[in-house]
Amino acid sequence: MCGIAGVRRLDGTPVDPRLLAEMAKQLTHRGPDDTGLWAAGPVGLAHTRLSIIDLDSSAQPMAADGDRLQLVFNGEILNYRSLRAELSYPFRTGGDTEVLLALYQRDGAAGVTRLRGQFAYAIHDAVTGETHLWRDRMGILPLYYYLDEHVFAFASEIKALLPVLPSVQVDEESLHGYLAHRSVPAPHTMISGVLKVPPGHHLVLDVAGRVRIEAYWQLPAEQATKPIPAEEAVRRVGESLDAAVREALVADVPVGTYLSGGVDSSLITALVAKARGGAGLNTYAAGFGDPRMDELPWARKVAEIVGSDHHDVVVTADDFRDTWTRLSWHRDAPLSEPADVAVFRLAELARRDVKVVLSGEGSDELFGGYPKHRFARATRLAGLLPARRTALRGLERLLPARAARLGIALRAVTEAEYAERMRAWFAPFTSDERAALLAREPVRDTLAPYRAGGGDALRRMLYADAHTWLADNLLERGDRMSMAASLELRPPFLDHRLVELAFSLPSSVKVRRGVTKWVVKEVARRHLPDDIIDRPKSGFKVPLDAWFRHGLRDMARDLLTGPSSFVGSRLDQAAVQGLLTAHESGDRNEQPRLWTLLSLEVWHRELAARR
């Protein structure tokens, strides 16, 4: 992958090449192999390259039709070879970049619908005076923009836009969104005036400086009514995933896989090994030195089964202390979860051997892999018991730390509105807790994705997950933490053909007789032993509850209650003190909420240091 950026002066003044160079400098980690700049009058583009395909050519910005078109591109077009074969075009390079220019000249803006892969790209058309931006269907790769009366600018990361902004201010409304989601829902960000191009959308800046944004692809809003036998669903998912994995291996550099030992990464790894026919494969895993939480033994077992060259790393409390500020800079936002640090250490490890890794990201959100998905119907019906809301919320406060999952369930089902209950499964703070922390009520409605989508309760929950938790949190984390190590991450489960298939399947093949992600597990049984498939879901569990009571205790209290604390100045101090005291005493496990506040504080201090 790469870094892209661009500026268009709406007042007609020339773009300063030094500004483009500064923007590109902020993206060097995304593209350490090469940097390219182009400027002509009021328009300028910048590109930093991580060479994956066509290593010796395809430099950017790339021109076509004389100098009429100028392109910067981040990503990989996985079907570029078949597109090249059908396009009657005088290609000068051998890669996927030039395909985008050829498609635009033939099909205009609609050419994006022919693409398979992950991408964010921009084309400036000197004849029409329009600047076009596109972001891939699921939002695997990022794209941000800023617009005022003088300038339009875009970039792969927010940090590259900061040199353009007249001032850098925290978006107060986004604080509400962050406390409700652990990330900021699209199209907004933590920085006032900086917006995300939503997944599956095309942005046009016309000759008059007006922005228009339209969807070129959307998840199916309604549930298919035609039944499908369970065995047929397993066959179709298996074939589609196998095709996606084979296509995701397109590269002119070494490709490895993340291997946590869970079903998704193990299945991806097994399919890669099968596609390669026994050729060398590097796999990578992270653990925490805690046998209660580590999946490293399972990852090693799968590596032995597929015959990979396996590597793992143990993440410690010192890693959090040492990298938190640096990774907040890379993410341009608070780190949403402790797992961000582990994902970065994993990327660092992998980058020693490979430039590209495949991961299992997206499977849970498409096929119902979280424990909450068993309770989708109960989440909808919980609103019928409003009288028990207070009693159940009180019970949640009395639960021991080992009953964390039950506590999450109680926090979710005791919200009054159905959309709020769906959001609450992943929310660090309930609506009541947010009201205690923030005196001002939010103006912006961030519940729209939870109210959209049709079908049964599970499908509605998955529709919301794909638009929020996946797009604004997991994929953002995956991109930033891998790019921090100059590593490209590819998630085959998010091939848009497989996504469309997943949303056409009935919920009965996703959660079946209490088994989550049933159809994926049945596909996995064709490649892996049952004990890998049937063991309880773990994920990146970090022992922060203990670390916050011991090794990180003083740091946490100083950051949240010290005289220069941003959290202390913006949030209710009595509520913050209550969280710290309850956690330190062992009365309650407040780790998710403390992490959310600490990440906000660390991010703001890092931002303030750059302003």
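# Exercises on a predicted model

A nonpolar surface patch of about 190 Å² is formed by Leu147, Val211 and Ile213. The model is predicted, and the exercises below work through it.

## Exercise 1. Place one member of the patch

Task: find the element that holds Leu147, and decide whether Leu147 is buried, partly exposed or exposed.

Solution.
- Step 1. Leu147 belongs to strand S8, residues 144-147.
- Step 2. The relative accessible area of Leu147 is 34%.
- Step 3. Buried means under 20% and exposed means over 50%, with partly exposed in between.
- Step 4. Leu147 is therefore partly exposed.
- Step 5. Val211 and Ile213 complete the patch with Leu147.

## Exercise 2. Judge the overall fold

Task: state how the radius of gyration of the protein chain compares with the globule rule.

Solution.
- Step 1. Count the elements: the protein chain has 25 helices and 17 strands.
- Step 2. The radius of gyration is 24 Å, close to the 25 Å that the globule rule gives for 611 residues, so the chain is as compact as a globular protein of that length.
- Step 3. The C-alpha trace spans about 70 × 55 × 45 Å along its principal axes.
- Step 4. Of the 611 residues, 61% count as buried.
- Step 5. Take contacts between residues at least 6 apart in sequence: 72% of them join residues at least 24 apart.
- Step 6. The accessible surface comes to about 22,700 Å², and 52% of it belongs to carbon and sulfur atoms.

## Exercise 3. Describe the surroundings of helix H4

Task: say how many residues of H4 are buried, and which helices are included in what covers them.

Solution.
- Step 1. H4 runs over residues 172-181, and nine of its ten residues are buried.
- Step 2. Among the buried residues are Glu173, Leu175, Tyr178 and His181.
- Step 3. The cover includes helices H14 (418-424), H15 (431-437), H16 (448-451), H17 (457-483), H23 (566-570) and H25 (591-610).
- Step 4. Look at the start of H4: a side-chain oxygen of Asp171 comes within 3.0 Å of the backbone nitrogen of Glu173.
- Step 5. Look just past H4: Arg182 adopts a positive phi of about 75°.

## Exercise 4. Follow the loop after H4

Task: locate Pro185 and list what Pro185 touches, leaving out residues up to four places away in sequence.

Solution.
- Step 1. Pro185 sits in the loop between H4 and strand S10 (194-196).
- Step 2. Its relative accessible area is 11%, so Pro185 is buried.
- Step 3. Beyond four places in sequence, Pro185 touches Gly177, Lys196, Thr446 and Asp472.
- Step 4. Take Lys196: eleven residues separate Pro185 and Lys196 in sequence, and their C-alpha atoms are 9.3 Å apart.

## Exercise 5. Resolve the contacts of His132

Task: find the side chains with which the side chain of His132 makes polar contacts.

Solution.
- Step 1. His132 is in strand S7, residues 130-135.
- Step 2. Its relative accessibility is 4%, so His132 counts as buried.
- Step 3. Not counting residues up to four places away in sequence, His132 touches Tyr104, Tyr121, Ala122, Ile123, His202, Leu203 and Val204.
- Step 4. The His132 side chain makes a polar contact of 3.4 Å with the side chain of Tyr104.
- Step 5. A polar contact of 2.9 Å joins the side chains of His132 and His202.

## Exercise 6. Trace salt bridges across the sequence

Task: state how many salt bridges the structure holds, then work through three of them.

Solution.
- Step 1. The structure holds 51 salt bridges.
- Step 2. Arg68 and Asp125 pair at 2.8 Å, N to O. Arg68 lies in the loop between strands S4 (62-64) and S5 (69-77), Asp125 in strand S6, and the two are 57 residues apart.
- Step 3. Compare their exposure: Arg68 is partly exposed at 24%, whereas Asp125 counts as buried at 0%.
- Step 4. Lys517 and Asp264 meet at 2.8 Å, N to O. Lys517 is in the loop between H18 and H19 and Asp264 is in H6, so the pair ties together parts 253 residues apart in sequence.
- Step 5. Lys517 is buried at 4%, and Asp264 is buried at 10%.
- Step 6. Asp465 bridges to Lys372, with the closest N and O atoms 2.7 Å apart. Asp465 is in H17 and Lys372 in the loop between H10 and H11, so parts 93 residues apart in sequence are tied together.
- Step 7. Asp465 is buried at 2%, and Lys372 is buried at 4%.
- Step 8. Salt bridges with shared partners also form one network of Arg182, Lys196, Arg331, Glu337, Asp340, Asp472, Glu476 and Arg477.

Methods
Residues are numbered from 1 along each chain as its sequence is written. This is a predicted model: local features need pLDDT of at least 70, side-chain atom pairs count only at pLDDT 80 or more; totals for chains, interfaces and linings use all residues. Side-chain values use heavy atoms; hydrogens and water are left out. Buried means under 20% relative accessible area, exposed over 50%, partly exposed in between (1.4 Å probe, protein chains only). Helices (H or I, at least four residues) and strands (E, at least two) are DSSP runs, numbered from the N terminus. Contact means heavy atoms within 4.5 Å. A polar contact is a pair of N or O atoms within 3.5 Å; within protein, one must be able to donate a hydrogen and the other to accept it, and residues adjacent in sequence count only if both atoms are side-chain atoms. Patches are made of residues with over 30% relative accessible area and no salt bridge: like charges are joined within 9 Å, nonpolar side chains (Val, Leu, Ile, Met, Phe, Trp, Tyr) within 5 Å. Accessible areas come from the Shrake-Rupley method with a 1.4 Å probe; for residues, only the protein chains shown count as cover. A salt bridge is a side-chain nitrogen of Lys or Arg within 4 Å of a carboxyl oxygen of Asp or Glu. The radius of gyration is taken over C-alpha atoms; the globule rule is 2.2 Å times the number of residues to the power 0.38.
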